[in-house]
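Me: Could you take me slowly through one part of this protein, the largest pocket, and then show me what surrounds it?

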Amino acid sequence: MTHLNFNLLKKGALPLFCLLILFTAACKKKKPAETTYDVTQAHNLTNISYGSDNYQKMDIYLPANRNSSTKVFVLIHGGGWGAGDKADFTEMLNSLKVYYPNHAIININYRLATQASPAFPKQIDDIQLALNEISLPKYSVSSNFFLFGASAGGHLSLLYAYGYDPNHHVKGICNTVGPADFTDPNYLNNPIFAPSYGILISGGTQNSSLIQAVSPALRVTASAPPTLSFYGELDPLVPATQMDRLHNALDSLGVYNEKTMYQGAGHGDWNPTQANDYVAKMVLFVNAYFP
């Protein structure tokens, strides 16, 4: 039997095995517990990180008494892929909390695009990362999503749902003035829109394969989710022809869809009558496909 030499301790010569014991004990200290959110309480969380970039943040609303069946609204702002902020959708988030108090909501920021760092594919990647985050057990919600997107956010919503959701977690889309087909001559042959291609994809208008790859109307499949769209007849940023190019593709594959073209309207700037119609149609659509 080995005996500890206390004389060595008195002299300050701590035996090696004692150092190892102390080191092992230090290594076994428990890590701080991960934050979990009481399911009996509602939570309003702001600027939750879903990635390491400063833009990869989102606001989250978690309803009280949620569980693994709680559905999630996803808000994706616009801004031409290179601008905009989740704050643009704060009013929508607050309205959804009133209309659908039992649904969770995330309102995401994503990495903005530049000519040197185009939107595709990083912004699609960011949507996936945000959905991965809200699907973690600590939030106690389902992986059933309904996407609301406006302008560039409408485009990203459509593109993600049609091309990057193989498990069909997206159950519906509300697309407001989202570009849908960049092969449309009204886009491709108009010099006003040329800079947008360079922000969206590497190579801009010269990269025909990527132009097709980022066109949601060309990515539609028969299993695409129900889609609701709103466009403005006089939109200076998104040609009115985009609506039919998208919805004709949905019709051809038997995907349920609804569309509205507001006469005399621009880029989402509806008049009061149109705004009331917009809200009423959204509520009916969500009630039917994401109650």
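Reply: Before anything is counted, a word on names: helices and strands here are runs assigned by DSSP, with at least four residues for a helix and at least two for a strand, and they are numbered from the N terminus. The lining of a pocket consists of the residues that have an atom within 4 Å of one of its grid points. Please keep in mind throughout that this is a predicted model.

With those terms in hand, α10 is the element that gives the most to the lining of the largest pocket, namely six residues. The space in this pocket comes to about 600 Å³. It is lined by 27 residues, and those closest to its centre are D88, F89, M92, Y278 and M282. Two or more lining residues come from each of α3 (90-99), β5 (145-150), β6 (170-176) and α10 (272-289). Sorted by character, the lining of the largest pocket holds 16 nonpolar, nine polar and two charged residues.

The strands named here lead us to the sheet. β5 and β6 belong to an open sheet of eight strands, whose order is β1-β2-β4-β3-β5-β6-β7-β8 and whose pairing is mixed. At the edges stand β1 (43-49) and β8 (257-262), and each has a single partner strand, so one side of each has no neighbour in the sheet. On average, and with direction ignored, neighbouring strands of this sheet are turned by 15 degrees against each other. Within the sheet, β3 (residues 72-76) and β4 (residues 104-108) run parallel and are joined by five bridges, and I76 has I108 in β4 as its bridge partner.

Now we can return to the helix we began with, since α10 lies across β3, β5, β6, β7 and β8, and runs at about 170 degrees to β7. Another helix, α9 (residues 241-252), lies across β6, β7 (227-232) and β8, and its direction makes an angle of about 165 degrees with β8.

For comparison, you may also look at the second largest pocket, which has a volume of about 230 Å³. Its lining is made up of 14 residues, with G80, W81, Y187, S196 and L237 nearest its centre. Here helix α7 (residues 194-200) gives the most to the lining, with three residues. The lining of the second largest pocket divides into ten nonpolar and four polar residues, with no charged ones, whereas two charged residues are found in the lining of the largest pocket.

Notes. Residues are numbered from 1 along each chain as its sequence is written. This is a predicted model: local features need pLDDT of at least 70, side-chain atom pairs count only at pLDDT 80 or more; totals for chains, interfaces and linings use all residues. Side-chain values use heavy atoms; hydrogens and water are left out. On a 1 Å grid over the protein atoms alone, a cavity is a set of points where a 1.4 Å probe fits but cannot get out, and a pocket is an open set with protein on both sides within 12 Å along at least five of seven lines; lining residues have an atom within 4 Å of a point. Grid points are joined across faces, edges and corners, and a volume is the space filled by probe spheres set on the points. Ala, Val, Leu, Ile, Met, Phe, Trp, Tyr, Cys and Pro count as nonpolar, Asp, Glu, Lys and Arg as charged, and the others, Gly among them, as polar. Two strands pair if DSSP finds at least two bridges between them. Axes are lines fitted to C-alpha atoms, for helices over the stretch in contact, and angles run from 0 to 180 degrees between N-to-C directions. Contact means heavy atoms within 4.5 Å.
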